[in-house]
Amino acid sequence: RRVAARTVAERVADELGTSIGDGVGYTVRFNDHVGEGTLVRVMTDGILLNELHRDRDLRAYDTLIIDEAHERSLNIDFILGYLRQLLPRRPDLKVIVTSATIDTERFATHFADADGTPAPIIVVEGRTFPVEVRYRPYGGDDPDDPNDDRDQVRAVIDAVRELAQEGPGDVLVFLSGEREIHDIADAIRDEARHDRLLRDVDVMPLYARLSSAEQHRIFEPHRGRRVVLSTNVAETSITVPGVRYVVDAGTARISRYSRRLKVQRLPIEPVSQASANQRAGRCGRVAPGVCIRLYTHDDYLERAEFTEPEILRTNLASVILQMTAIGLGDVDRFPFVEPPESASIRDGYLLLDELGAFDGGRLSKVGRQLARLPVDPRLGRMVIEADREGCVREVLVIASALSIRLGAQGYQTL
């Protein structure tokens with residue numbers, strides 16, 4: 001999202017003939033490129049959530065555009081619920097919720113007015129070209145070839161070779177994590193040494209943990225054909241220019257909370273139909289494109305229509321903590337687009353009690369400190385206790401390592 005905020009701000013500024021920090025600015029964690037004359041401010045959802053602590057009615061804004069709402073992250077769902085409560089107090093506030101693959105009826109009902117009339121739905125047809133979808137399953141999933149023993153690496157290389165014969169244009173490959181990206185990058189480079197179709201291919205990785213400079217290389221002009229190996233950051237957050245072809249492995253790492261183990265996991269799961277369609281649409285921006293899916297059409301039809309909201313599959317301790325700090329009342333009465341299960345709410349309260357965040361139903365001193373730290377409450381509690389014990393520097397290193405989502409190993413937890 002940090003990369004998306006910067007690139008969107010740069011594009012808007014370019015379209016309006018202004019510069020970053022002047023008419024258009026952006027704010028992400030540790031970077032604030034906003035001036036006194038800024039009229040359009042692009043920010044991450046976490047930054048907007050943090051502003052609620054200082055500006056409960058969001059008086060600094062007359063219009064809010066919530067983009068990529070279909071991702072249904074924890075912060076997005078919380079913001080949508082908060083805006084549902086805020087609009088009666090701020091009838092002058094304009095709220096626009098946008099997405100290419102959104103469940104429009106659900107969102108329109110969520111923002112219905114006092115007499116039950118749903119919010120208006122406006123369909124804006126973008127400039128897109130037709131995309132041909134081909135299904136190329138591999139291994140035991142290929143019904144046409146029971147002897148197919150290819151692995152994912154070989155299947156991706158074969159798909160890239162097939163697309164290289166279609167004509168000029170870059171290839172965007174969707175994979176589930178960093179390990180897969182580096183393994184396939186090495187394999188394509190090795191193959192290119194003796195394969196004329198891949199000889200002049202420039203292989204580039206793209207994932208959230210890359211530095212800003214490395215991520216920005218994607219947008220630089222280039223010659224020849226690029227093969228961009230990406231996680232789902234290129235699904236919606238970043239539009240990679242020049243893409244004519246897509247290879248979709250059909251999987252992603254989806255964060256899930258295990259109530260039994262009390263840990264947040266990051267297993268590899270099949271993506272929803274909405275995500276698969278979003279990926280295919282990446283290659284129809286500049287010309288007719290081709291999307292190769294490395295799974296069967298029947299597999300696609302059996303997948304969920306939309307991605308399950310994060311609030312239904314994560315620990316709610318941080319949400320409960322923020323809601324209590326802002327004074328929004330009980331979680332079970334909050335107008336979420338899709339309310340979480342009561343068991344998940346109970347687990348969130350139990351965890352906060354264990355951390356000493358509550359005192360007689362109200363936030364304790366520790367709870368107020370936790371609410372100001374932009375990390376998992378468990379990691380924040382480590383840092384607060386380290387301050388008391390005089391070892392903050394050492395514990396910060398451990399807490400930082402535990403907070404990283406590692407693409408190869410999964411989600412690091414306590």
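Let's start at His33, which sits in strand 2, residues 31–33. Keep in mind as you look that this is a predicted model. How buried or exposed is His33? His33 is partly exposed, because its relative accessible area is 33%, and partly exposed is the label between under 20% for buried and over 50% for exposed. If you set aside the neighbours within four places in sequence, His33 touches Ile20, Gly21, Gly25 and Tyr26. Now pick out Arg293, which is 260 residues away from His33 along the chain. Between the C-alpha atoms of His33 and Arg293 there are 40 Å.

Next, please find Leu58, in the loop between helix 2 (45–51) and strand 4 (63–66). What is the phi of Leu58? The value is positive, about 50°, although Leu58 is not a glycine. Leu58 also counts as buried, with 2% relative accessibility.

Let's move along to the loop between strand 6 (131–135) and helix 5 (152–164), where we find Asp148. Asn147 lies in that loop between strand 6 and helix 5 too. Are these two buried or exposed? Asn147 is exposed, with a relative accessible area of 67%, whereas Asp148 counts as buried at 11% relative accessibility. So here we have two neighbours in sequence with opposite labels, since the cut-offs are under 20% for buried and over 50% for exposed.

What does the side chain of Asp148 have around it? A polar atom of that side chain lies 3.4 Å from the backbone nitrogen of Gly139. For the backbone nitrogen of Arg150, the distance to a polar atom of the Asp148 side chain is 3.0 Å. Leaving out residues up to four places away in sequence, Asp148 touches Pro137, Tyr138, Gly139, Gly140 and Asp142. Gly139 therefore turns up twice, once through its backbone nitrogen and once in the list of residues that Asp148 touches, where a contact means heavy atoms within 4.5 Å. As for Asn147, its C-alpha is 43 Å from that of Leu74, and the two are 73 residues apart in sequence.

That loop leads us to helix 5, so let's talk about helices. Helix 5 packs against helix 6, residues 178–192, at an angle of about 55°, with the axes 10 Å apart. That angle makes helix 5 oblique to helix 6. The crossing of helix 5 past helix 6 is right-handed. From helix 5, the residues in the contact are Gln152, Val153, Arg154, Val156 and Ile157, and from helix 6 they are Glu180, Ile184, Ala187, Ile188 and Glu191.

Here is another pair to compare. Helix 10, residues 317–326, and helix 12, residues 365–372, have axes 9 Å apart and pack at about 105°. That makes helix 10 roughly perpendicular to helix 12. Leu321, Gln322 and Ala325 are on the helix 10 side, and they meet Gly367, Leu370 and Ala371 of helix 12.

One more pair to go. The axes of helix 13 (residues 377–389) and helix 14 (residues 392–402) come within 9 Å and cross at roughly 175°. How do helix 13 and helix 14 run relative to each other? They are roughly antiparallel, because an angle over 145 degrees gets that name. In helix 13, the residues involved are Leu379, Met382, Val383, Ala386 and Asp387. Their partners in helix 14 are Val392, Val395, Leu396, Ile398, Ala399 and Leu402.

Back to single residues, with Glu269 in strand 14, residues 268–270. Glu269 counts as buried, at 18% relative accessibility. Its side chain makes a polar contact of 2.6 Å with the side chain of Arg256. Not counting neighbours within four places in sequence, Glu269 is in contact with Gly250, Thr251, Ala252, Ile254 and Arg256.

Let's finish with two cysteines, Cys283 and Cys291. Each is buried, and the relative accessible area is 0% for Cys283 and 0% for Cys291. Why is there no bond between their sulfurs? The sulfur of Cys283 is 5.6 Å from its closest cysteine sulfur, the one in Cys291, and that is too far. Looking from the other side, the closest cysteine sulfur to Cys291 is in Cys283, again at 5.6 Å. A disulfide needs the two sulfur atoms within 2.5 Å, and by that rule the count for this model is zero disulfides.

How values were computed. Residues are numbered from 1 along each chain as its sequence is written. This is a predicted model: local features need pLDDT of at least 70, side-chain atom pairs count only at pLDDT 80 or more; totals for chains, interfaces and linings use all residues. Side-chain values use heavy atoms; hydrogens and water are left out. Buried means under 20% relative accessible area, exposed over 50%, partly exposed in between (1.4 Å probe, protein chains only). Helices (H or I, at least four residues) and strands (E, at least two) are DSSP runs, numbered from the N terminus. A polar contact is a pair of N or O atoms within 3.5 Å; within protein, one must be able to donate a hydrogen and the other to accept it, and residues adjacent in sequence count only if both atoms are side-chain atoms. Axes are lines fitted to C-alpha atoms, for helices over the stretch in contact, and angles run from 0 to 180 degrees between N-to-C directions. Angles under 35 degrees count as roughly parallel, over 145 as roughly antiparallel, 65 to 115 as roughly perpendicular and the rest as oblique. A crossing is left-handed if the near helix is turned anticlockwise from the far one by less than a right angle, and right-handed if clockwise.
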